[in-house]
Amino acid sequence: MGDKKDVWQGTLALMVLKTLETLGPLHGYGIARRIEQTSGDLLAVNYGTLYPALLKLEQEGYIASEWGVSDNNRRAKFYKLTRAGHKQLRREAREWSETTAILARFLARKEHAS
Amino acid sequence: MKLRLLRAGWMRLRGAFARERLERELSEELASHVEMHVADNLRAGMTAQEARRDALMKLGGVEQTKERYRDRRGWPLLENAIQDLAFGWRMLRKNPGFTLVAVLTLALGIGANTAIFAAVNGILFHPAGIPHADRVVAVRVRYETLNLSSIVISPTDFRDIQDATDIFSAAALEDSADLKITLDAVPHRVLAAKVSWQWFEVFDARPLLGRVFVPEEDQPKAGQEAVLSYGMWKSLFGSDAGILGRTIALNQTPYRVIGVMGPEFQFPNPTDLWIPIALAREDFAAGNRFNENYFAVAKLKPGVSHARAQAFLKVLTSRVLTDPASEYAKNSRWAVFAVPLPQFLYGDLRTPLLILLGAVGFVLLIACANVAGLLLARATGRAREFAVRAALGASSGRLVRQTLAESGLLAGSGLLFGLLTGWLALRYLRNLVALDVSAALPSGIDLYVLLFAAAVAALSALVFGAAPALQYSRIDPQDNLKSGRGANTATRGSKRFRNFLVSGQLAMALVLLVGAGLFLKSLGRMQQVDVGFRPSGLLTAAVTLPGNVYHTAEKQSAFFRKLLDRLSAVPGVSSAAAGYPLPFGGRGATSSFSIENRVVPAGDPGPHGGIACVTTDYFSALGISIKQGRSFNGQDRLGSQPVMIIDENLAREYWPAGDALGKRMRRNDGDPWATIIGVVTAVRRTRVIGAESDSEGQMSAGKGVYYYPLLQVGNPDLYGGAPATTFLAIRGTPGNLSALAKSIPAAVQEVDPAQPVFDVQTMEQRIAASLGPRRSAIDLLTFFAALALLLSGIGLFALVRYTVAQRTQEIGVRIALGATRADVWRMVMGQGLRLVFTGLAVGCVVSVALARVLQTELYDVSASDPGTYVAVAAGLVLTALLACWLPARRAMRVDPMVALRYE
């Protein structure tokens, strides 16, 4: 885990929220696959790290969970966005793009300077 | 955002308590995750085995994921702590033998520390029954050139203290008096403290019943009031609440009882009741400045420092000395000063107490080392268990916390039993020490002591818990699980550490034993000190003649003449005498005197010495030898030529040429001159060694004494007030004293049935009592040293036995390969004895260094006394031999067949 943990967890939470917004209610495995597909190697390290992140989001009230049946008839725990989750997603997404924009400008300027 | 955190916190708290359900759900969720992944992998064309392996690897391990999840789910710290404690509790219950030894060891260590700390705290800092002891001071006077270093003060001095209301919020005087109360025709002796009215206020003491004195009652010729002590109220009046307002007769004078104090206030101790001192106006007059007769205490105003009080007294001193009338005081370097009450009362005990505190600290360290050793031995045995847990995802921090939880449980139980032990020890201690000291001890475990004990327990948990915790945290699951045998062999580091612990214990035990040995030897030497008379076979008792009955010298002399005639006639008595003060009787007085035809030069305070008043056979009864001239005889009676006997110290000081005989001296200007008829050996008066200290105060040893013939001068009070308490000294044989003790009251009754006899003790008991606190401290030190020896012996025994158990197979192989039993024996003993000699060497070095600090406390024994060291080392080696011998015997009996089959 180490130093990257906080950034990574924040990113991961955002990705989870976005996934749930895009795909609707989904189980942990589905979320993991989706993130892996869209983010490449990022999650390939460990699907396991997803579960504590899901738990945290649920504890904070951004997502809710209930048991349901998956496409191939397996019992699985499904997560879905709550209203607070929708709001949080918009806020986080905005913050994220602002941060990346600032960082992009910052990095670009630095290149000029050197 | 705050709300979110709160909500998350709440959910986590719920998580901590709904664990079982959530745990099930988590398992199910992860299982379905893996199944879905496997199904996908199969669809992608993997074999069943590959599919499952890939799914688990991608997940990062089911158990590891669960562990990470759990950290987030509940409050891991809280949850883990509860879990660790529960687990630790189970582990301790599973090993009752280990737990019992560990808890008992800790209880002894913590209990000893608790009791000694309670004593130190009570005696040096917070004496029981005196809430603001740090603000109470004893006001004292010294005459430096008269060798009086700290004595009582005069009413005139007291008036100045009392008037300094910006420094002292209350001040009081005290003087003790022996009174008599007759209840149901039985005379009882009553120890009264005559006090000025603010006495109780100085100590913040409130009465249990009624009230204490008001200023109007502290006046001469006022109606007489008395405040009873709890003890007297209980024993003589059966705790009768109706006592208030009743009149009791003390020395045939009526006193009205106005209050009863609670059991916690006993100052001075012992005291049966308090009565007003009722000094007259003229007592406080300027002319009475240097007539010191009263013990004074004062309470500093809140916020006034001791330094400020001292500064004030310094100013007072110089103001008094500028008066031309104070020439005498100036010449003798007179000064008033204050001593914090705990220091005044128990200053002598400071060093012994700190030594004891150090000793119990050592005992605790030894106890901790023992428990650490036991835990380490177990840690080696449990290495595999911990390796498995590490492999299953327990972090090293978690494992350390787990072992600390076990240590915490041990320390907690140790604390509980330690408090019990400490409480019992404290009760024992109260009976052990002298009355005036025991009053300062708390009657139970107070808050200070509780906090201290808890801190000690927590600290010991850290000390003995750290070693095994460190060892566990270094466990490498790979290594441990690979060596399939269970990997129970200790690492070299831990072995070395355990050896270090045991050697260290033995070294500390040696240090304590050396200390105890030196003090015991010193005590032995003190008991052999020549006190100047023969204590053996000497019986003593005290009588106090009431002043309103025995108001003339004739009556007083007649009483003693008749009484001594009767006592001398008792079979078994070789001589009987009376006198005061008696050596080791507690009281004393000093006074200036003048020598005929000798002019005191300017700037010299003049001759000064201790006074005594004794009957004819006093010197022969006590066994004090006459060095020059003669003893008192029948001719020295009322109305005959005044005579005096002086001791060799006084003779040496004022007649250095040895020509004292025939010279004349007198105490007061108006007295007739008394001729010196004899010089006697000097005697120790209050203590066996060092400075003397009596009711008047402290004076250096070697101060001269002059003796009046009691039958010539009567029974005057040397201390102020009624006839002084007079001691009877009866010489019998060491064997018949208890029989003689019974005949004394009868003889007194025959002369005057109204007079109670009290304080019947042999002289040897009195001398022993003067050594009391010191002896108690040495007894305790010896006890702790023995405890240290026992504990370190157990530590050594446990280590050697454990090693033998570990090496059973190896020993079996050796025997199978031809080693003899004697070889095995030598091997095991050798291992143990190496530790013993390491400990011995280190202990000796530390002892020599530490003992030097003790030197000032030792009497006539060198801190590096070789005899003590040899004896102590021999004792330690013997104990160690026993501790190694038991397991070595077991090693010899190893049956190679059984040991090898085990493999």
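## Exercises on a predicted model

B:Gln252 sits in the loop between β7 (247-250) and β8 of chain B. The model is predicted. Five exercises follow.

### Exercise 1. Backbone outliers

Find what is unusual in the phi of B:Gln252 and of B:Asn597, and say whether B:Asn597 is buried or exposed.

Solution.
- Step 1. Recall the background: most residues other than glycine have a negative phi, and most peptide bonds are trans.
- Step 2. Read B:Gln252. Its phi is positive, about 65°, yet the residue is not a glycine.
- Step 3. Turn to B:Asn597. Here too phi is positive, at about 65°, and the residue is not a glycine.
- Step 4. Place B:Asn597. The residue belongs to the loop between β15 (594-595) and β16 (608-614) of chain B.
- Step 5. Apply the cut-off: exposed means over 50% relative accessible area. B:Asn597 has 77% relative accessibility, so this residue is exposed.

### Exercise 2. Cis peptide bonds

Locate the cis bonds that join B:Phe267 to B:Pro268 and B:Tyr580 to B:Pro581, and give omega for each.

Solution.
- Step 1. Take B:Phe267 and B:Pro268. Their peptide bond is cis, with omega about -5°.
- Step 2. Locate B:Pro268: the loop between β8 (253-261) and β9 of chain B.
- Step 3. Take B:Tyr580 and B:Pro581. The cis bond between them has an omega of about -10°.
- Step 4. Locate B:Pro581: the loop that runs between β13 (575-580) and β14 (590-592) of chain B.

### Exercise 3. A loop asparagine

Decide whether B:Asn288 is buried or exposed, and list its contacts beyond its neighbours within four places in sequence.

Solution.
- Step 1. Locate B:Asn288. The loop between β9 (273-276) and β10 (295-300) of chain B holds this residue.
- Step 2. Apply the cut-off: buried means under 20% relative accessible area. B:Asn288 has 15%, so this residue is buried.
- Step 3. List the contacts. Neighbours within four places set aside, B:Asn288 touches B:Ser154, B:Pro155, B:Thr156, B:Glu282 and B:Asp283.

### Exercise 4. Two helices

Test the length of α29 (residues 866-892) of chain B against the expected span, find its bend, then describe the burial of α3 (residues 50-59) of chain A.

Solution.
- Step 1. Compute the expected span. At 1.5 Å a residue, the 27 residues of α29(B) should cover 39 Å.
- Step 2. Compare. The end C-alpha atoms lie 37 Å apart, so the two values agree.
- Step 3. Find the bend. α29(B) turns by about 25° at B:Trp885. B:Pro887 follows within four residues.
- Step 4. Check burial around it. Buried residues of α29(B) include B:Ala883, B:Cys884, B:Pro887 and B:Ala888.
- Step 5. Move to α3(A). Nine of its 10 residues are buried, leaving the helix mostly covered. Among them are A:Leu50, A:Tyr51, A:Glu58 and A:Gln59.
- Step 6. Look just past α3(A). There A:Gly61 has a positive phi of about 90°.

### Exercise 5. The largest cavity

Give the volume of the largest cavity, and describe its lining by helix and by class.

Solution.
- Step 1. Count. Six cavities reach 30 Å³ or more.
- Step 2. Give the volume. The largest cavity encloses about 150 Å³.
- Step 3. Name residues. Its lining has 15, and B:Ile123, B:Leu353, B:Leu356, B:Val433 and B:Leu780 are the closest to the centre.
- Step 4. Assign helices. In chain B, α6 (96-125), α13 (350-381) and α26 (772-806) each give at least two lining residues. α26(B) has the largest share, with four.
- Step 5. Sort by class. The lining of the largest cavity has 14 nonpolar residues, one polar and no charged.

How values were computed
Residues are numbered from 1 along each chain as its sequence is written. Chains are lettered from A and ligands numbered from 1 in the order in which they are written. This is a predicted model: local features need pLDDT of at least 70, side-chain atom pairs count only at pLDDT 80 or more; totals for chains, interfaces and linings use all residues. Side-chain values use heavy atoms; hydrogens and water are left out. On a 1 Å grid over the protein atoms alone, a cavity is a set of points where a 1.4 Å probe fits but cannot get out, and a pocket is an open set with protein on both sides within 12 Å along at least five of seven lines; lining residues have an atom within 4 Å of a point. Grid points are joined across faces, edges and corners, and a volume is the space filled by probe spheres set on the points. Ala, Val, Leu, Ile, Met, Phe, Trp, Tyr, Cys and Pro count as nonpolar, Asp, Glu, Lys and Arg as charged, and the others, Gly among them, as polar. Buried means under 20% relative accessible area, exposed over 50%, partly exposed in between (1.4 Å probe, protein chains only). Contact means heavy atoms within 4.5 Å. The expected span of a helix is 1.5 Å times one less than its number of residues. The bend at a residue is the angle between axes fitted to the seven residues ending there and the seven starting there.
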